[in-house]
Amino acid sequence: PIPGFKLSVDAVSPRFIWNMEGNVLGGNPVLHLVMPLLSKRVGLGGVTQAKQGLGDITFGAALAFHHGNGSHSVVALDVVAPTGDYKAGDLANLGRNHWSLQPLYAYSRVSPDGLNADVKTVLNLNRRNPDTDYRSGTELIIDYAIGWGVGKGWVAGVGGSLVEQLSDDRLGGTRLPDSRTRMFAIGPSVRYQNAEGAFITFKWQRETSVRNRAEGSAFWLVASLPI
């Protein structure tokens, strides 16, 4: 941990999903776009900086498979674009100033009166920041949730994420030892889904086993509305 370092982020991240008609390799084609709107405040050594605005946009294409018995899976490729405001040397930046490619696989099991489980595995392939000539290493990101359907559309359980950096950062092409990050988060989760497929999820997560990154907690409110 860095003495005197404080980080606070509030985010509203609209996600637009387009389920396309047709069948490709047995799956349903899907396109999506995420546009995060951020309010970020960073403090270090008595100096504080705050910024608000658009963060890095994520867009991608996927194939969704429906296996029956409430089981579903998704294979996708996401792209993170450096659309957020960035200035080298600033404490608070809304973007990372580099592109990322994210192949991923997700699986979910949905049951109104039984076991519910979700897992998403992402390989985050970071590109180089042209302003600093810095390139973060490849990251493995696993988001997970497990719960039990208690009836009338409610599911209660736990969830979180695991981040494990698989390769070292590089500066100007030179490998930086001891630069890999790690984080494990876990916390309670409650979800409600109605008969029309709309749902809302409340979850809180606490980060532990953190290395080379900020440590804290997060509260999430996730809502989905089919149109």
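Partly exposed residues have between 20% and 50% relative accessible area; buried means under 20%. The exercises below use this cut-off on a predicted model.

**Exercise 1. Classify Tyr 144 and Phe 184, then describe how their rings pair.**

Step 1. Take the accessibilities. Tyr 144 has 21% relative accessibility, so this residue counts as partly exposed. Phe 184 has 30% and also counts as partly exposed.

Step 2. Describe the rings. A pair of aromatic rings is described by the distance of the centres and the angle of the planes. The count of aromatic pairs in this model is two. In the pair of Tyr 144 and Phe 184, the centres are 6.1 Å apart and the planes differ by 5°. Planes under 30 degrees apart count as stacked. This pair is therefore stacked.

Step 3. Place the pair in the chain. Tyr 144 belongs to strand β12 (residues 139-151) and Phe 184 to strand β16 (residues 182-193). The pair ties together parts 40 residues apart in sequence.

**Exercise 2. Which class fits the rings of Trp 154 and Tyr 192?**

Step 1. Read the geometry. The ring centres of Trp 154 and Tyr 192 lie 5.0 Å apart, with the planes at 45°.

Step 2. Apply the cut-offs. Stacked needs under 30 degrees, and edge-to-face needs over 60. At 45°, the pair is tilted.

Step 3. Locate the partners. Trp 154 is in strand β13 (residues 154-165), and Tyr 192 is in strand β16. They are 38 residues apart, so the pair links distant parts of the chain.

Step 4. Check the exposure. Trp 154 is partly exposed at 39%. Tyr 192 is partly exposed at 31%.

**Exercise 3. Work out the strand order of the open sheet and find its edges.**

Step 1. List the strands. The sheet holds 11 strands, ordered β2-β3-β6-β7-β8-β9-β12-β13-β16-β17-β18. Their pairing is antiparallel.

Step 2. Find the edges. β2 (15-19) and β18 (217-224) each have a single partner strand, so one side of each lacks a neighbour in the sheet.

Step 3. Give the turn. On average, neighbouring strands of this sheet are turned by 15° against each other, direction ignored.

Step 4. Inspect one pairing. Strand β9 (residues 115-126) runs antiparallel to β12, and 10 bridges join them. One of the bridge partners is Glu 139 in β12, which faces Asn 124.

**Exercise 4. Is Lys 51 buried or partly exposed, and what does its side chain meet?**

Step 1. Classify the residue. Lys 51 has 12% relative accessibility and counts as buried.

Step 2. Find the partner. The side chains of Lys 51 and Asp 90 form a salt bridge, 2.8 Å from N to O. This pair links distant parts of the chain, 39 residues apart: Lys 51 is in strand β5 (residues 47-54), and Asp 90 is in the loop between β7 (71-80) and β8 (100-109). Asp 90 is partly exposed, at 25%.

**Exercise 5. Compile further charged contacts.**

Step 1. Start with the count. The model has eight salt bridges.

Step 2. Take Arg 128. Arg 128 forms a salt bridge with Asp 133, with the closest N and O atoms 3.2 Å apart. Arg 128 is partly exposed at 45%. Asp 133 is partly exposed at 32%.

Step 3. Take Arg 182. The side chains of Arg 182 and Glu 164 meet in a salt bridge of 3.1 Å, N to O. Arg 182 is in strand β16 and Glu 164 in strand β13, 18 residues apart.

Step 4. Add the network. Shared salt-bridge partners join Lys 51, Asp 85 and Asp 90 into one network.

Step 5. Finish with a ring. The charged end of Lys 203 sits over the ring of Trp 220, 5.5 Å from its centre.

How values were computed:
Residues are numbered from 1 along each chain as its sequence is written. This is a predicted model: local features need pLDDT of at least 70, side-chain atom pairs count only at pLDDT 80 or more; totals for chains, interfaces and linings use all residues. Side-chain values use heavy atoms; hydrogens and water are left out. Rings of Phe, Tyr and Trp (its six-membered ring) pair if their centres lie within 6.5 Å; planes under 30 degrees apart count as stacked, over 60 as edge-to-face and the rest as tilted. Helices (H or I, at least four residues) and strands (E, at least two) are DSSP runs, numbered from the N terminus. Buried means under 20% relative accessible area, exposed over 50%, partly exposed in between (1.4 Å probe, protein chains only). A charge sits over a ring if NZ of Lys or CZ of Arg is within 6 Å of the ring centre and within 35 degrees of the ring normal. Two strands pair if DSSP finds at least two bridges between them. Axes are lines fitted to C-alpha atoms, for helices over the stretch in contact, and angles run from 0 to 180 degrees between N-to-C directions. A salt bridge is a side-chain nitrogen of Lys or Arg within 4 Å of a carboxyl oxygen of Asp or Glu.
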